[in-house]
Amino acid sequence: MLPPKSNFSEWYHEIIQHAQIMDIRYPVKGLYVWFPFGFKLRKLVYGKLREIMDREHDEVYFPALIPETELGKEGQHIKGFEDEVYWITHGGMDELDVKLALRPTSETAMYPMFRLWIRSHADLPLKVYQVVNVFRYETKHTRPLIRLREITSFKEAHTAHRNYEEAEENVKKAISSYKEFYDSLAIPYFVIKRPEWDKFPGADYTIAFDTIMPDGRTLQIGTVHHLADNFAKTFDIKYETPEGDHAYIHQTCYGISERCIASLISIHGDDVGLILPFDFAPHQIVVIPILYKGKEELVMNVANRVYDRLKSMGFRVVMDDSDDRPGAKYYRWELFGVPLRIEIGPREAESNEAVISFRDEKVKRKISIEELTEDSIKTWAEEMHERLRRKALDSLAEKTKLFESISEIKEWIGKGVALTYLCSSTECGEELESLAGAGVLGEVLELPEGVEAEKDGSCVICGRPGKLNAIAKSY
Ligand SMILES: Nc1ncnc2c1ncn2[C@@H]1O[C@H](COS(=O)(=O)NC(=O)[C@@H](N)CS)[C@@H](O)[C@H]1O
Ligand SMILES: [Zn+2]
């Protein structure tokens with residue numbers, strides 16, 4: 001049995017194991033094993049991410065080992081990562097003459113190669129991505145899917161452009177791709193510009209997608225960085241312009257990790273288990289025959305017919321004809337978040353009917369088997385997606401409040417996101433962080449649907465003109 005979701009930290013820890021997402025018993029801190037079921041969920045979620053990325057990017061694969069000479073080239077970058085890099089110093093018994101880093105992210109693996117790939121403006125824009133494992137020696141609390149030392153599903157996109165403006169256009173495209181991805185998962189988010197002191201090491205600016213987890217803390221579920229020509233200058237990546245002279249490229253990069261799955265599990269799940277949107281559920285439909293003595297054959301005939309019909313429509317359907325009690329069957333498939341349950345007992349079998357119910361509702365409905373068509377199931381799935389989206393938005397809105405005074409902010413922190421106004425000075429930001437005892441997430445560029453607040457107001461610290469900002473405790 002799972003603890004109640006209101007005890008989120010315990011609930012999360014248990015569901016990851018019980019719903020067979022990741023096995024947290026691997027004997028290295030921050031490293032976890034994907035179970036088969038979890039890996040099916042990952043495959044479906046990343047299939048969507050790849051579908052979106054493949055429209056305008058080519059998928060590539062770069063080496064996992066980065067020589068110290070390259071990793072250390074861009075000052076801000078190495079400063080930001082030096083405490084997190086795993087180093088390889090030996091090959092067998094031989095000490096390596098140049099230490100190799102396990103990639104914490106792949107800018108310094110890719111950009112020396114971009115220098116060889118990019119010659120002329122005709123080679124631009126270059127837009128590639130990879131889904132790889134990266135390694136970060138995290139010293140904060142590690143947690144499966146949320147903060148790993150081996151990030152197993154790191155989708156990183158890297159692009160090259162003729163100038164700052166074209167790179168900026170691509171930042172906008174990346175943001176709309178991330179919105180499409182998270183909308184498909186029914187996960188609500190803020191789009192926030194990180195403050196200068198919290199941007200990606202080496203970036204010109206960082207824009208983040210933040211969602212609110214059930215315990216009121218936020219989770220950064222994606223980031224888009226404008227790199228300007230910082231790395232181009234460091235790695236000397238120039239191209240010949242149409243006029244015949246040479247200019248540095250301008251770049252962007254943007255990443256999503258398995259935190260997307262952490263948010264899917266955490267935001268939609270309930271006290272008895274996962275609740276998965278239809279398109280991403282490893283098992284979309286479960287057929288549960290209710291077997292009574294003497295009626296087994298009658299029931300199984302109809303159950304098998306329903307199973308075959310759904311299978312032929314291309315749905316991911318399972319039949320639970322084990323001899324467990326019905327209650328145990330319901331519990332098992334609720335734990336695994338199966339969206340649609342179809343029960344068939346002797347009475348239904350005789351009248352060619354079934355009892356259907358959706359995982360997010362407590363409603364059961366009797367229908368005739370004929371109503372189980374591809375269209376009706378797809379319509380019910382869309383209705384369920386809308387219910388999940390609505391519910392997630394409502395719960396985020398409950399955890400988001402606008403404040404004009406520090407004392408109210410301090411009281412709210414830990415329960416959710418505090419919105420207030422901050423001017424652009426670092427002093428005010430840092431003072432607010434220390435007074436509130438939480439991090440300034442940054443200027444809110446886009447609020448989730450249903451959350452209203454003016455964009456401009458007076459700084460909560462100094463009273464000068466300020467912009468809408470978000471403050472919260474984060475993972
Ligand atoms: N230790 C970690 N475990 C799980 N996810 C992480 C971890 N560290 C970062 N992430 C996720 O990975 C995303 C991208 O990481 S990042 O550092 O912000 N950006 C980059 O590395 C850039 N190269 C863009 S690909 C973050 O937004 C966050 O959602
Ligand atoms: Zn101020």
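Contact here means heavy atoms within 4.5 Å. This is a predicted model, in which local features need pLDDT of at least 70, side-chain atom pairs count only at pLDDT 80 or more, and totals for chains, interfaces and linings use all residues. Residues are numbered from 1 along each chain as its sequence is written, chains are lettered from A and ligands numbered from 1 in the order in which they are written, and side-chain values use heavy atoms, with hydrogens and water left out.

**Two loop residues**

Leaving aside neighbours within four places in sequence, Phe62 is in contact with Arg103, Ala109, Met110, Met113, Phe114, Trp117 and Gln130. On the same basis, His283 touches Phe37, Arg316, Val318, Trp333, Val338 and Pro339. Buried means under 20% relative accessible area, exposed over 50%, and partly exposed in between (1.4 Å probe, protein chains only). Helices (H or I, at least four residues) and strands (E, at least two) are DSSP runs, numbered from the N terminus.

| Residue | Loop | Relative accessible area |
|---|---|---|
| Phe62 | between β3 (58-59) and β4 (65-67) | 5%, buried |
| His283 | between α8 and β15 (285-289) | 19%, buried |

Phe62 and Ser177 are 115 residues apart in sequence. Their C-alpha atoms lie 23 Å apart in space.

**Helix packing**

Two packed helices are described by the angle between their axes and the distance between the axes. Axes are lines fitted to C-alpha atoms, for helices over the stretch in contact, and angles run from 0 to 180 degrees between N-to-C directions. Helix α1 (residues 8-18) packs on helix α8 (residues 259-268) at about 115°, and the axes are 11 Å apart. From α1 come Phe8, Trp11, Tyr12, Ile15 and Ile16; they meet Ala262, Ile265 and Ser266 of α8. The contact residues divide into seven nonpolar, one polar and no charged. Ala, Val, Leu, Ile, Met, Phe, Trp, Tyr, Cys and Pro count as nonpolar, Asp, Glu, Lys and Arg as charged, and the others, Gly among them, as polar.

**Zinc site**

The zinc ion (ligand 2) has four protein donors: the SG atoms of Cys423, Cys428, Cys459 and Cys462, lying 2.3 Å from it. Donors are N, O and S atoms within 2.8 Å of the metal (3.2 Å for Na, K and Ca). Their spacing along the chain is C-x4-C-x30-C-x2-C. Cys428 lies in helix α14 (residues 426-436) and Cys459 in the loop between β23 (456-458) and β24 (465-472), so this pair ties together parts 31 residues apart in sequence. Both Cys428 and Cys459 are buried.
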